[in-house]
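Here is a set of questions and answers for a reader who is new to this structure. Please look at the sequence and the model first.

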Amino acid sequence: MTAEIERPRSGAWLYTYRTGLESRPVAHATVVSSRYVLGVAAGENKSAHRALVRRVALHLSDRGESRE
């Protein structure tokens with residue numbers, strides 16, 4: 001398994017990983033906001049999917065910060 005991890009801001013982690021199996025790579029993000037942990041994922045590691053996962057994750061992270 002190989003992975004890249006990026007933390008663009010506090011409370012948001014972006015992952016891109018490949019399992020090494022025949023399954024396709026996955027773009028995935030985890031957002032922590034207050035007591036909530038949210039996951040955003042795309043089934044393929046295409047640049048458009050990575051961009052969408054990043055956009056949704058950062059939006060959720062922004063919304064969580066504004067309420068605290």
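Q: Which residue's side chain meets that of Arg9 in a salt bridge?
A: The model is a predicted one. In it, the nitrogen-to-oxygen distance of this salt bridge is 2.9 Å. The pair links distant parts of the chain, 53 residues apart, with Arg9 in strand S1 and its partner in helix H1. The partner of Arg9 is Asp62.

Q: Is Arg9 buried, partly exposed or exposed?
A: A residue is buried under 20% relative accessible area and exposed over 50%. The relative accessibility of Arg9 is 27%, and Asp62 has a relative accessible area of 37%. Asp62 is therefore partly exposed, and Arg9 likewise counts as partly exposed.

Q: How many salt bridges does the structure hold?
A: Besides the pair of Arg9 and Asp62, the side chains of Arg54 and Glu6 meet at 2.8 Å, N to O. Arg54 lies in helix H1 (residues 47–67) and Glu6 in strand S1, so this pair ties together parts that are 48 residues apart in sequence. Arg54 counts as partly exposed at 32% relative accessibility, and Glu6 counts as partly exposed at 37%. The number of salt bridges in the structure is two.

Q: What pattern does the protein chain follow along the sequence?
A: The secondary structure comes to one helix and four strands. Read along the sequence, the strands are followed by the helix, in the pattern β-β-β-β-α.

Q: Which strands stand at the edges of the sheet?
A: The four strands form an open sheet in the order S1-S2-S3-S4, with antiparallel pairing. An edge strand here has a single partner strand, so one side of it is left without a neighbour in the sheet. Neighbouring strands are turned by 20° against each other on average, direction ignored. The edge strands are S1 (2–9) and S4 (36–42).

Q: Which residue in S2 is the bridge partner of Ile5?
A: Strand S2 covers residues 12–18 and pairs with S1 in the antiparallel sense over six bridges. The bridge partner of Ile5 in S2 is Tyr15.

Q: Which element gives the largest share of the largest nonpolar core?
A: In soluble globular proteins, nonpolar side chains tend to be buried together. The largest nonpolar core here has eight residues: Leu14, Ala27, Ala29, Val31, Val40, Ala42, Val53 and Ala57. The elements that give two or more residues to this core are strand S3 (26–33), S4 and H1. The largest share is three residues, and the element that gives it is S3.

Q: Which residues does Ala57 touch, not counting residues up to four places away in sequence?
A: Ala57 is one of the residues of the largest nonpolar core. With residues up to four places away in sequence set aside, Ala57 touches Leu14, Ala29 and Val31.

Q: Is Ser61 buried or exposed?
A: The place of Ser61 is in helix H1. Leaving aside neighbours within four places in sequence, Ser61 is in contact with Arg9, Ser10, Ala12 and Val31. The relative accessible area of Ser61 is 3%, and buried means under 20%. Ser61 is therefore buried.

Q: What percentage of the residues of the protein chain count as buried?
A: The chain exposes about 5,000 Å², of which carbon and sulfur atoms supply 51%. The protein chain has 68 residues, and the share of them that count as buried is 28%.

Conventions: Residues numbered from 1 in each chain as written. Predicted model: local features only at pLDDT ≥ 70, side-chain atom pairs only at ≥ 80, totals over all residues. Heavy atoms only, no water. Buried < 20%, exposed > 50% of the residue type's maximum accessible area, 1.4 Å probe, protein only. Areas by Shrake-Rupley, 256 points an atom, 1.4 Å probe, with all protein chains shown as cover. Pairing = 2+ DSSP bridges. Axes fitted to C-alpha atoms, helices over the stretch in contact; angles between N-to-C directions. Salt bridge = Lys/Arg side-chain N within 4 Å of Asp/Glu carboxyl O. Core = buried A, V, L, I, M, F, W, Y, C linked by side-chain atoms within 4.5 Å. Contact = heavy atoms within 4.5 Å.
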